[in-house]
Amino acid sequence: CAPVSGQAVPVTEVPDPTFSSGMLGNGVAVIPSEGKICAPCDGTVDMMFETGHAVSMVADCGAEVLVHVGLETVGLQGKGFTVHAQNGQKVKKGQLMFEADLEGIKAAGLNTITPVLVCNADDFASLNGHTGNAVTNDDVVIELSK
């Protein structure tokens with residue numbers, strides 16, 4: 001499901017080739033309307049970045065999911081991010097993992113678009129992204145088939 005409320009768009013619309021080219025995996029992106037970043041599925045936090053701008057997790061289905069808030073936000077060195085989940089923590093879909101000050105990110109001149117990638121998409125028979133709609137954490141944005 002969407003980790004954040006906003007507008008779901010194809011990952012190819014992310015203005016950064018690291019994400020849009022599929023280099024890190026396949027998925028979707030969300031243009032966030034709020035800063036609460038929740039678990040998109042049940043799973044385990046693999047790595048909560050020290051700067052609080054991104055998290056990787058392993059879903060119970062085996063998908064390796066990366067949620068990265070904004071572009072170049074690692075440069076904020078944690079300013080504007082509040083972490084609520086730790087490495088190794090089991091999380092349930094909808095559980096708050098971290099918060100982002102979207103206005104602060106924008107004030108720093110950075111884009112808030114949030115890629116949601118399945119880094120091991122090749123382990124699945126298919127990945128279907130659902131884009132073009134307003135989404136919340138209740139809305140499926142990526143469907144995987146084994």
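**Close-up A. Lys 106 is partly exposed and pairs with Glu 103 within helix α2.** Lys 106 comes out at 43% relative accessibility, which makes it partly exposed; here buried means under 20% relative accessible area, exposed means over 50%, and partly exposed is anything in between (1.4 Å probe, protein chains only). Keep in mind that this is a predicted model: local features need pLDDT of at least 70, side-chain atom pairs count only at pLDDT 80 or more, and totals for chains, interfaces and linings use all residues. Residues are numbered from 1 along each chain as its sequence is written, and side-chain values use heavy atoms, with hydrogens and water left out. Glu 103, the partner of Lys 106, is exposed at 54%. Their side chains meet in a salt bridge with an N to O distance of 3.7 Å; the term stands for a side-chain nitrogen of Lys or Arg within 4 Å of a carboxyl oxygen of Asp or Glu. Both residues belong to helix α2 (residues 102–107) and sit three residues apart, about one turn of the helix. Helices (H or I, at least four residues) and strands (E, at least two) are DSSP runs, numbered from the N terminus.

**Close-up B. Asp 60 and Lys 90 form a salt bridge between distant parts of the chain.** By the same rule, the count for the structure is five salt bridges. In this one, the closest N and O atoms of Asp 60 and Lys 90 are 3.8 Å apart. Asp 60 is in the loop between β5 (54–59) and β6 (64–68), while Lys 90 is in strand β8 (residues 90–91), so 30 residues separate the two. Asp 60 counts as exposed at 53% relative accessibility, and Lys 90 is exposed too, at 56%.

**Close-up C. Asp 138 pairs with Lys 93.** Here the closest N and O atoms are 3.6 Å apart. Asp 138 lies in the loop between β12 (134–135) and β13 (142–145) and Lys 93 in the loop between β8 and β9, so this salt bridge ties together parts that are 45 residues apart in sequence. With 64% relative accessibility, Asp 138 is exposed, whereas Lys 93 is partly exposed at 35%.

**Close-up D. Asn 137 is a buried loop residue with polar contacts to backbone atoms.** Asn 137 is found in the loop between β12 and β13, yet its relative accessible area is 13%, so it counts as buried. What does its side chain reach? One polar atom of the side chain lies 3.2 Å from the backbone oxygen of Ala 39, and the side chain also reaches the backbone nitrogen of Gly 94 at 3.1 Å. For a polar contact, a pair of N or O atoms must be within 3.5 Å; within protein, one must be able to donate a hydrogen and the other to accept it, and residues adjacent in sequence count only if both atoms are side-chain atoms. Neighbours within four places in sequence aside, Asn 137 is in contact (heavy atoms within 4.5 Å) with residues including Cys 1, Ala 2, Pro 3, Cys 38, Pro 40 and Lys 93.

**Close-up E. Strand β2 pairs with β1 and with β10.** Two strands pair if DSSP finds at least two bridges between them. β2 (residues 26–32) is mostly covered, with five of its seven residues buried. Strand β1 (residues 6–10) pairs with β2 in the antiparallel sense over five bridges, and β10 (residues 114–118) pairs with β2 antiparallel over five bridges as well. Val 30 is a handy landmark: Ala 8 stands opposite Val 30, and in β10 the bridge partner of Val 30 is Thr 114.

**Close-up F. Three antiparallel strands make an open sheet in the order β3-β9-β7.** β3 (36–38) and β7 (81–83) stand at the edges with a single partner strand each, so one side of each has no neighbour in the sheet. From one strand to the next, the twist averages 20 degrees; axes are lines fitted to C-alpha atoms, for helices over the stretch in contact, and angles run from 0 to 180 degrees between N-to-C directions. β7 and β9 (residues 96–100) share three antiparallel bridges, and Phe 81 has Ala 100 in β9 as its bridge partner.

**Close-up G. Cys 41 and Cys 119 are not in disulfides.** The structure holds zero disulfides, that is, pairs of cysteine sulfur atoms within 2.5 Å. The closest cysteine sulfur to that of Cys 41 is in Cys 61, 6.4 Å away and too far for a bond. For Cys 119, the closest is in Cys 41, at 12 Å, again too far. Cys 119 is partly exposed at 37%.
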